[in-house]
Amino acid sequence: MKVHHTGGARFVWGIVLTMAVAGIPASVHAEDGTASAARVRPLNILLIVADDLREHGGAFAEDAVSTPNIDRLAAHGVRFSRAYAQYPVCNPSRTSLLVGQRCEQTAVVDNREFFRDRLPDAITFPELLRRNGWTTRSFGKVMHAGNTVEALRPAWLDEGRSWDHAEILPAMSPHRRGEFRNLTGGVLPWCEVGILDGDDGEQPDARTATAAVAAIEDLRKDSRPWLIAVGFHRPHDPFHAPRRYFDRYPSEAITPYRDPVHASPLPPLAITGSRKEFAAFSDDDRRALLQAYCAGVSFMDAQVGRLLDALDRNSLWPTTLVVFLGDHGYHLGERDWWNKATLFERSCRAPLIIASPDGRHGARCEALVEFVDLFPTITECGGVRLPGGLAGKSICPLLADPSLPHKDAAFSMVVRNPSRFGQTVRTDRWRLIAWSDGALELYDHQTDPEETLNLAGDPAAAEVVKRLRRRLDDLPPWPP
Ligand SMILES: [Ca+2]
């Protein structure tokens, strides 16, 4: 029998939480490995965030990337094939989903600004859960703290507010043992393929998994529910991974994607950055980057597997909600771009899997969902009363029935400088992108899923453009 998240269930959990916080041990979950109708404590939550992990398909086929552990997680839950980040860059995307506001509202739109400087009073969903009795621990890059200097990091990790404990684990000993090749002759230092010698365990992501597994074991007997958040750095650049993951992708078997010759020209703000270096890529360079990106995905997938093993070993699936996502998408050659920070589908769409003991297992959901929906989803699944003013809408109902309607549009934005920006709306069929310099792009996903033919100037599409522009006008104003 399934537990439904009714007000009554929340009320019971509230009593149990009060007991737990008061030091009175709560009864533990059923030991028979099933979701218990008499669950007497809220769900544990395992949040896993991969960095720059795109949805696959298109440029290289879905089954070309080996992710046995992410697939294993998908078999426990619902895979959302049309989930959209609100901003295709780390810090803005993560801030938005953690505080449940669109980037037009947070105004955190680059990787340099610590979100608390702008939003000192915002309550993140980990903080809300912590206030409601969850033990919260964060390992690796969950909040965007990895690029800060050591002295700033504790503040950027939001320890004491969002987390009882938060840490970022560096490599065991910084080393450059292996084969390294910068694909831009060193012009872009980050654009480096690294085939690493040594064990997985030396790498930050493996150390992150080890620490998270230890936390799962440590909290196994705790009377309180827990939120453990785990942020993996791969497949983010530099494109380094242990050698054995490269061996899964023989470069001669990789066919690089190329845009069709009729692809529409790009508006000036659509892609800003290092296109010159990418335009100089040879097919050999393209294959090397694809191979390294896939190796990074498989290495990260192996670390996900260690977390899932810990759930298996401790029989935690019936009492744990698992949320897996990439923080935004990534181009691998589409529009001759090998990065993020565009408003194309490749950059805005990202993987999302939610495994709930009370939800469907092994299902795929085609509904449009937004990462801003995660705050209300996770807190509702946890049985916590939702605060007012959230921008998103809970997708909990879709976990039980992925065919239910959810929302008719997903929105993302990107800022080139404070006055030069773009906003996009994706509907079931269309993507409209509107730039601050007046440029418009319209793509028809029924006929052009790779968004290569801009129909915005086509008189036959004028009504669609007008209708979708009105949707963008309904967004909170930018600049704020
Ligand atoms: Ca990222």
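The following legends describe close-up views of a predicted model of one protein chain.

**Figure 1. The protein chain as a whole combines 15 helices with 17 strands.** The chain has 480 residues, and buried residues make up 49% of them. Among contacts between residues at least 6 apart in sequence, 72% join residues at least 24 apart. The views below begin with a sheet of eight strands, continue with one of three strands, and then turn to helix 11 and to the loop that holds isoleucine 254.

**Figure 2. Eight strands form an open sheet with mixed pairing.** The strands follow one another in the order 5-4-8-1-10-11-2-12. Strand 5 (165–167) and strand 12 (363–365) are the edge strands, each of which pairs on one side only. From one strand to the next, the twist averages 15°. Strand 4 (residues 135–140) runs parallel to strand 8, and six bridges join the two. Within this pair, phenylalanine 139 stands opposite valine 230 of strand 8. Helix 11 packs on the sheet and touches strand 1, strand 8 and strand 10. The direction of helix 11 makes about 160° with that of strand 8.

**Figure 3. Strand 1 (residues 44–51) is largely enclosed by the rest of the structure, because eight of its eight residues are buried.** In a regular strand, side chains alternate between the two faces of the sheet. Both faces of strand 1 are covered. On one side Asn44, Leu46, Ile48 and Ala50 are buried, and on the other side Ile45, Leu47, Val49 and Asp51 are buried as well. Strand 1 is parallel to strand 10 (residues 320–326), to which seven bridges join it. In this pairing, valine 49 stands opposite leucine 325 of strand 10. Strand 1 is also joined by seven bridges to strand 8 (residues 226–235), and these two strands run parallel. Here the bridge partner of leucine 47 is alanine 229 in strand 8.

**Figure 4. Three strands form a further open sheet, again with mixed pairing.** The order of the strands is 6-7-9. Its edge strands, strand 6 (178–182) and strand 9 (239–242), each pair on one side only. The twist averages 5° from one strand to the next. Strand 7 (residues 192–196) pairs with strand 9 in the parallel sense, over four bridges. Valine 193 is placed opposite phenylalanine 239 of strand 9. Helix 11 (residues 283–313) packs on this sheet, where it touches strand 6, strand 7 and strand 9. The direction of helix 11 makes about 55° with that of strand 9.

**Figure 5. Helix 11 is largely enclosed by the rest of the structure, since 22 of its 31 residues are buried.** At 1.5 Å a residue, the 31 residues of helix 11 should span 45 Å, and this agrees with the 45 Å between its end C-alpha atoms. Serine 315 follows helix 11 and has a positive phi, near 50°.

**Figure 6. Helix 8 (residues 204–218) packs against helix 11 at an angle of about 10°.** The axes of the two helices are 9 Å apart. Helix 8 is therefore roughly parallel to helix 11, as angles under 35 degrees count as roughly parallel. Helix 8 contributes Asp205, Ala206, Ala209, Ala212, Val213, Ile216 and Glu217 to the contact. These residues meet Phe299, Met300, Gln303, Arg306, Leu307 and Ala310 in helix 11. By class, the contact has nine nonpolar, one polar and three charged residues.

**Figure 7. Isoleucine 254 lies in the loop between helix 9 (243–246) and helix 10 (275–279).** Isoleucine 254 has 17 other C-beta atoms within 10 Å and is therefore partly exposed. Apart from its neighbours within four places in sequence, isoleucine 254 is in contact with Tyr249, Arg287, Leu290 and Gln291. Isoleucine 254 and aspartate 283 are 29 residues apart in sequence, and their C-alpha atoms are 10.0 Å apart in space.

Definitions and conventions
Residues are numbered from 1 along each chain as its sequence is written. This is a predicted model: local features need pLDDT of at least 70, side-chain atom pairs count only at pLDDT 80 or more; totals for chains, interfaces and linings use all residues. Two strands pair if DSSP finds at least two bridges between them. Axes are lines fitted to C-alpha atoms, for helices over the stretch in contact, and angles run from 0 to 180 degrees between N-to-C directions. Two residues are in contact if their C-beta atoms, placed from the backbone, lie within 7 Å. Angles under 35 degrees count as roughly parallel, over 145 as roughly antiparallel, 65 to 115 as roughly perpendicular and the rest as oblique. Ala, Val, Leu, Ile, Met, Phe, Trp, Tyr, Cys and Pro count as nonpolar, Asp, Glu, Lys and Arg as charged, and the others, Gly among them, as polar. A residue is buried if 20 or more other C-beta atoms lie within 10 Å of its own, exposed if 12 or fewer, and partly exposed in between; C-beta atoms are placed from the backbone. The expected span of a helix is 1.5 Å times one less than its number of residues.
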